[in-house]
Amino acid sequence: MYPFARKKYNIHMIDKINQLLAEIDSLKAGKAEEIEALRIKYLSKKGEVSALMNDFRNVAADQKREVGIRLNELKEKAQERINQLKESIENNQSSDDNIDLTRTAAPVELGTRHPISIVKKEICDILRKLGFSIAEGPEIEDDWHVFSALNFADDHPARDMQDTFFISRSPEILLRTHTSSVQTRVMEKQQPPIRIICPGRVYRNEAISYRAHCFFHQVEALYIDKNVSFADLKQALLFLAKELFGADTKIRLRPSYFPFTEPSAEMDISCNICGGKGCPFCKHTGWVEILGCGMVDPNVLENCGIDSKVYTGYALGMGVERITNLKYRVKDLRMFSENDKRFLEQFESAH
Ligand code: DAH
């Protein structure tokens, strides 16, 4: 054979290999018989790949290496593609044919309410029974609604950067440090009777530890009408304590100070862990503090446009984390914001 002819022959072989490679790449088959037909067409003894293999002996010696490599590649590709097709119909078959429509669905893990949400809701539900309804306000607040309207003196430490997160200094925009700011907003808009609960998140510039966090939750209650007295407050507090911690719970009020109430008090409940006998939890006193309260200071009413000669009111506020700790004996506050499923899964709620 002349060199020219030999070369031409090899070009013909390479073209044919390329053409088959492209064909094989786009092979499709939906059934096992179709795949078998393809296998016969390409890979059986009389198949196209085998035919090329047979022709290989006619390839010129100096071209054998290149053509040989390409031929082997073709053979491997063909085998691979046929195997792929087989696998894909096997997989499809198992999902198409083996579906049991009567089987119950794979179990979906149900989430639970966060313990803080459970207790917050419980407190709100109890107060709702006394005729309170929910009011909400912004977490980003101004000085007036958080401090000034609530009778905080200009030099009150809460106004300090160390206790409050300021967003800007002038005008003074800050993250609310208590939900009492919602009281201000409601009183400014609405004349008595007012009977509201303000649940929500509050922020304080505290170092995070097992007993303090830079954010936590409060529920606040405010009742303003004609002739509201401290006796009304005490009755509401006793009801709240018994509903939250059980009918045997006792309360005691200790005089205290808040800028926005006068007189002010802190409420203790009989320790729900030792029943009042004394234990390490209540530091052997038999009592644990749960909230602050008092009669709304007339200055606050006047600041918000309510006539303090006609109306009186009481307010109370508590930390939800504190109540949750008491109810569930969670010793480390940080657990509430770590999102550890092992912790969260332990709380169940009916709704
Ligand atoms: N705002 C107070 C605090 O964050 C809690 C509080 C105390 C709220 C007495 C009240 C109240 O409404 O009367 O510590």
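**Exercise 1. Polar contacts of the ligand**

Find which atom of the ligand pairs with the side chain of Gln218, and at what distance.

*Solution.* Start at Gln218: an N or O atom of its side chain lies 2.9 Å from an oxygen atom of the ligand. This fits the definition of a polar contact, a pair of N or O atoms within 3.5 Å (within protein, one must be able to donate a hydrogen and the other to accept it, and residues adjacent in sequence count only if both atoms are side-chain atoms). Next, go to Arg204, where a side-chain N or O atom is 2.8 Å from a ligand oxygen. Finish with His178: here a nitrogen atom of the ligand is 3.0 Å from a side-chain N or O atom.

Please keep in mind that the model is predicted, so local features need pLDDT of at least 70 and side-chain atom pairs count only at pLDDT 80 or more, while totals for chains, interfaces and linings use all residues. Residues are numbered from 1 along each chain as its sequence is written, and side-chain values use heavy atoms, with hydrogens and water left out.

**Exercise 2. The surroundings of the ligand**

Work out how much of the ligand the protein covers, and which elements give two or more residues to the shell around the ligand.

*Solution.* First, the area: on its own the ligand has 350 Å² of accessible area (Shrake-Rupley method, 1.4 Å probe), and the protein covers 88% of this. Second, the elements (DSSP runs numbered from the N terminus; helices are H or I of at least four residues, strands E of at least two): helix H7 (180–189) and strands S6 (215–225), S9 (287–296) and S10 (312–319) each give two or more residues. Third, the residues: 15 surround the ligand, with His178, Ser180, Arg204, Gln218 and Glu220 coming nearest; a residue counts as near if one of its heavy atoms lies within 4 Å.

**Exercise 3. Unusual backbone geometry**

Locate the cis peptide bond that joins Pro192 and Pro193, the one from Glu262 to Pro263, and the positive phi of Asn151.

*Solution.* Take Pro192 and Pro193 first: omega of their cis bond is about 5°, and Pro193 sits in the loop between H7 and strand S5 (194–203). From Glu262 to Pro263 the bond is also cis, with omega near -5°; Pro263 belongs to strand S8 (residues 261–270). Lastly, Asn151 is not a glycine, yet its phi is about 75°. Look for Asn151 in the loop between helix H6 (143–146) and strand S3 (166–168).
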